[in-house]
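Q: Please take a close look at how one helix packs against its neighbours. Then carry on to a sheet and a few individual residues.

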Amino acid sequence: MVREIVAIVMMALAAGPESKELDKARQLWQAGRYAESQEIYEQFAKRAKDDLAAPLRARLVLGQSECLASQGEYDKAMALLKDLAEAQPKNPDLWARLADLKFMRGDWEGASESSQKALAADPDHLLGRWVASRLLEAQGKLDEAVTAWKWFVDRYNDRHAEFSRNADSMLIVGQAAERYYRAVARGDELAEQLNDVLSEIYEGALRADPRCWQAPWLEGRLFLSGYNESAAKRELARAQQLNPDSAEVLVTLGQSDLQSYKLAPGRSKAEQALEINPHYAPAQVLLADLNISDERFTDAKTAAQKAVAENPRDEEALARLAASCRLLVDPIGAAAAEAAALARNPRPATFYAALGERLADRRKYQGAERAFLLAAAADPHRADAPIGLGMLYMQIGRENEAFELFRMSFDADPFNVRANNQMEVLKHMATYAPVMSEHFSVMIDPTQDKLLAKYMSRYLESVYGELTQRFGYTPPERTQIEIMKTHRWFSARTIGLPFIPTVGACTGKVVALASPKATRKPFNWARVLKHEVVHVITLQQTEFNIPHWYTEALAVESEGYPRPQEWNKMLLERVPNRKGVLNLDTINLGFIRPKEPEDRQMAYCQAQLYARYMLQRFGPDALSKLLDAYRRGLTTDRAIQSCFNVDKADFEAQFLTYLDEVVKTIRTRVSEEKPVKFSQLERMLKEKPDDPDLNAQMAYEYFARRSFKEARPFARKALKLKPHHPLASYVEARLLLSIDDDEAALSVLEPALDPDRPNERVIDLLAELQMKAGKLDEAERLYELARKDDPVHTKWIAGLARVHLRQKNTERFLNDLAMIADNDADDIDVRKVLAERHLEAGHGEQAEKWANECLYITVDDPTYHTVLADALALQKKFAPAIDEYETAIALKPKKVNDIKVKLARAQFDSGKREEAKATLDAVLKEDPDHPEGKALRETMGESK
C-alpha cells in the first residue's frame, strides 16, 4: 500500500501535460464517454512511442484496459496488460488488474497466477488481495474468504486517512466490508455496520472523487438486494447521472424493474447494456431472468448460454441455464449445468440461491425448495436463500416454518424489506383463525370476517364437485383460502410489497383475497374465488407447467359470465389494424406487467377467446387435450402440434381470422364513439360543406349544447343531402320533441330506421316514443331488433324489462333482470329485485339463488339473509331457513321482531314447537300487539 501512495504522490508532483491528458481521458471514461476516452489514450500512445516513463506507461495501459473492458473488449484489454506486466514485472497494479479481468472471464487459474504476482510485488496490494479473496469465495472456501475480507476492514481502520483520499481503494474496502459483516454480524450490529459502509466508505469514495459513479451504484445494489426499491433507484439515479452509459448501472436498474415485474423496461435496459458492452455477462443473466418471468423459456436458455459462454464459471449464469432447462423439461441439461457449478465449487450457494429464485418465480416449488435448502446449507450466513425459502413456504401455506426463516433472514439482512414485510404479515395473521370444511380451510380475522368465512366455505364446497369433475383432477390436500383484513395486508401477503393491482391471487396451493370490507367498492367475492380455485386445480394438475394465459382462459370460462362490453370495445379498436393484439409469445406479459392498463384486460379477453377458438376449430375436447399436454410437461409449441396436428404459426394465423369474425358481431355503441373537437369539426365542414355526415354531426353537436336554433339548419341540410340520414333524423326528431310534437318526431324517425343495421340513437328514441304512446308490442319489437346484433347490451335488455313490466309479463321481466345481472357480477341491486320478485311469485328455488347472489357481494346486510330465509322456508327447507333468520337477527336489523316472528314460524313448521314458543313469547312480551306475532300464536293454537 505504501508503494501505491508513493506512486500517487510522485505522479501528482510530476503532473505535467502528459499526466493531465491521462487525467482527462480517465474523467471521460468515468462519464461513460468511452470512445472519446479511448481516442485520447490511443493518440497519447502514438505520440509517446517508447519514450514514456514506466509509471506513465503503466497508467496509460491501465486506463486503456478500463476503457476497452467497459466496451466488452476484454481480450484486447488483457493482452495490453499482459504485455506491459511482463515488461514491468514489479508493477503490482498491472498484474492485479489483469487478475481482475481474468477472474471476470472465468479464468481462475490465470487470475490466481496474476494476483500472486501482484502480491509478490506488493503483499498489501488492495486489488490483488481483493481478487484473491473473491477466488476463495468462488471456490467455496468461505472461512478463508472471511479471514481475507477481515484484512481489508482492519487495514482500513488502521490507515483511514490514507484510504479516504483514494476512491478506488474505498470501493474495494466497501465491498470487502459488506461481505465480512454479513458473514460475522447479525441484527442491530449488522445494520449499524452496513450503514457505516454506505455513509462512511461508499460516500467517502464520492468525497474523494466526485465522479466516482461506482459508489452510488454499489449503494443502490445493496439496497436492491433487500428489495428496497425506492432507496435503490435513488442511488442508481445518482450513479447514472455521473455515467449514463455504465452497463453495470443499467443492468442493476433492469434488475429493479424485474423485481417489480416491469419486464419491458427491464429488457430495454439489458439491451442498452449489451449495446455498450456486448460481452457483459450480467446483462445476459438479466435477459434470462426476464424471459423466465415472461415464460419465454427457450429465449431464457439462449441468454443463459450466452452468459455462460462469457464466463463458464459464473454461478449466476449457470443457475439460469439450469432453470431454463428445467422449465423446458430438459432434466439432462439442468443436471449438466448443476454439475458444472459443483465441479468448480463444492458449496455453490450462489448457484442454488439463484436457481431457487427462478424456479419459485415459475411455481416449480419442489425444485425451488431443494435449491434453497442446498444454498442455505452451502452458506449459512447468506440471507437470500432462507428469504426465498420463506416466500416459497408462504406460497404453499407453510406459514409457521416461514416465520422462523424470515426472522433469521432479517437478522442476517436488516435492510431486507421483503423479509420485514413478511414478518409483519405473519405477526398480523397470528390472530387469524381457520373455518374448516371438507376441502377448504378459510383463514380470517375473526373480529371482522367470521360471517364471511361461513358463506365462503359454503360456496366453495358447492362448486368444488363441478370444478374437479370438469378438469378431471382433485387436489390431494385441503386448499387454504386466506382473507386478508385490508388490501395492504393482501398485497404484503401476496408479494411481500405494499401494492398489487388486484383483489385475489393464487399461488397454486394458497388463495389470498382482500376482504370485501376493505375495498372501496363491493365486489362479487364468489366469482373471484371460483376463478382462483380453477387456478388451484389446473396449476396442481399440470405441476405448474400450464402457462399463465391458459390457466386464465380456463378460469374466465368457468366464471360463466358474458364477455364484458369493455372487452368488445378493445377488440373493435385493436383487431382490425392488429395494433395491440397479443399472441402466444406476448400474452403472458399482458398479465404479469402490461405496458398500459388496458393490456391486462386484453390478455384476459384474448385468453378466453383462445379457448373458444380451440373449441370451435378443434372440437369439444380441445381444452382438455391441451390441459393434458401441459400435464405431460409439453411446451406450448409442442402441445399445439401434439394436440391439434398444426404448427403454432398456423394456429396463430387462424386465430386472427377467428378474431376478425368475432369483431364482425360487435357493434360500436354511441357511448364509445370517438369524440371530434368542435373546432376540428368546423374545419372539416368548411372543407366539405355538402357532406351529409359532417352536417349531421354538427347538428348533433349543437343539439348536445342545447343550441337548438343552430342545430336545426344543419340537420335539415343533412336530410336534404341524404334523405332519412339516421343521425340527422334523430336530431330533427329531438328538436320536434322539444316542442311536444311527438307525432311529427315519429314520422321523421320511422323511415330513418334500417332494420338490417339499426342506428342506436334512432331505434332507442323510436322505442321510447312507442312506449310513451302505449304501443308496448311495437316497443318490444324495436328493442328486440336492437338486440339482434348486440344481444347483451344492458340498454336494450333494460328497455325490454320496462316493456315486460308494463305488460305484466312476470316471467319475461325476471329473465330480463337475470340477463342484466349477468352483465354485471357486482350489481347487488338487480339481484335483490330478482330475489324479492321471485319470492313474491312463489319461485322459492330462484329466490334462493338470487338471495345467495346478494350474499356473494355482501354478507353483512340482514335484508338478504331474511330474503334467503323466506325462500328456504317457502321450499320447506326449515333448518337452513332457521339459520338464516338467526343470522339476520344477529346483524341487528331495524324491525327485528318481524324477523323473529318468521323465525318462530320456521321453528314451528320444522317441529321445534318449544323453541318456536320461546321465540314468539319474547316478541309478544316486547310488543304485545305485533300483528304477525298474534296471528302466529293463533295458528299455533295458543291464543289467549
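**Helix packing, then the sheet**

A: H9 and H11 cross in a left-handed sense. The model is predicted. H9 covers residues 142–158 and H11 covers residues 167–184. Their axes come within 8 Å and cross at roughly 125°. An angle over 145 degrees would count as roughly antiparallel, and 65 to 115 as roughly perpendicular. The angle here fits neither class, so H9 and H11 are oblique to each other.

Which residues make the contact of H9 and H11? From H9 come Val 146, Trp 149, Lys 150, Phe 152, Val 153 and Tyr 156. H11 supplies Met 170, Ile 172, Val 173, Ala 176, Ala 177, Arg 179, Tyr 180, Tyr 181, Ala 183 and Val 184. By class, the contact of H9 with H11 holds 14 nonpolar residues, no polar ones and 2 charged ones. The charged pair is Lys 150 of H9 and Arg 179 of H11.

H11 also meets H12, residues 187–208. Again the axes come within 8 Å, but here they cross at roughly 170°. That angle is over 145 degrees, so H11 is roughly antiparallel to H12. On the H11 side, the residues are Ala 167, Met 170, Leu 171, Val 173, Gly 174, Gln 175, Ala 177, Glu 178, Tyr 181 and Arg 182. On the H12 side, they are Leu 190, Gln 193, Leu 194, Val 197, Glu 200, Ile 201, Tyr 202, Gly 204, Ala 205 and Ala 208. This contact of H11 with H12 divides into 13 nonpolar, 4 polar and 3 charged residues. The charged ones are Glu 178 and Arg 182 in H11, and Glu 200 in H12. Met 170, Val 173, Ala 177 and Tyr 181 of H11 appear in both contacts.

Now the sheet. It is open, has 5 strands and runs in the order E1-E2-E3-E5-E4, with mixed pairing. E1 (433–436) and E4 (504–506) stand at the edges. Each has a single partner strand, so one side of each lacks a neighbour in the sheet. Neighbouring strands are turned against each other by 20° on average, ignoring direction.

At the E1 edge, E1 pairs with E2 (residues 440–444) in the antiparallel sense, over 4 bridges. Ala 433 stands opposite Ile 444 of E2. H27 (residues 487–495) lies across E3 (479–484), E4 and E5 (510–514). H27 runs at about 155° to E5.

Two loop residues come next. Arg 706 sits in the loop between H37 (692–704) and H38 (708–721). Its phi is positive, about 60°, although Arg 706 is not a glycine. Arg 706 counts as exposed, at 64% relative accessibility. Lys 808 lies in the loop between H43 (794–806) and H44 (810–823). Lys 808 also has a positive phi of about 60° without being a glycine. With a relative accessible area of 70%, Lys 808 is exposed.

Last, is Thr 919 buried or exposed? Thr 919 lies in H50 (residues 913–926). At 15% relative accessibility it falls under the 20% limit, so Thr 919 counts as buried. Leaving out residues up to four places away in sequence, Thr 919 touches Lys 900, Leu 903, Ala 904 and Gln 907.

Conventions. Residues are numbered from 1 along each chain as its sequence is written. This is a predicted model: local features need pLDDT of at least 70, side-chain atom pairs count only at pLDDT 80 or more; totals for chains, interfaces and linings use all residues. Side-chain values use heavy atoms; hydrogens and water are left out. Axes are lines fitted to C-alpha atoms, for helices over the stretch in contact, and angles run from 0 to 180 degrees between N-to-C directions. Angles under 35 degrees count as roughly parallel, over 145 as roughly antiparallel, 65 to 115 as roughly perpendicular and the rest as oblique. A crossing is left-handed if the near helix is turned anticlockwise from the far one by less than a right angle, and right-handed if clockwise. Contact means heavy atoms within 4.5 Å. Two strands pair if DSSP finds at least two bridges between them. Buried means under 20% relative accessible area, exposed over 50%, partly exposed in between (1.4 Å probe, protein chains only).
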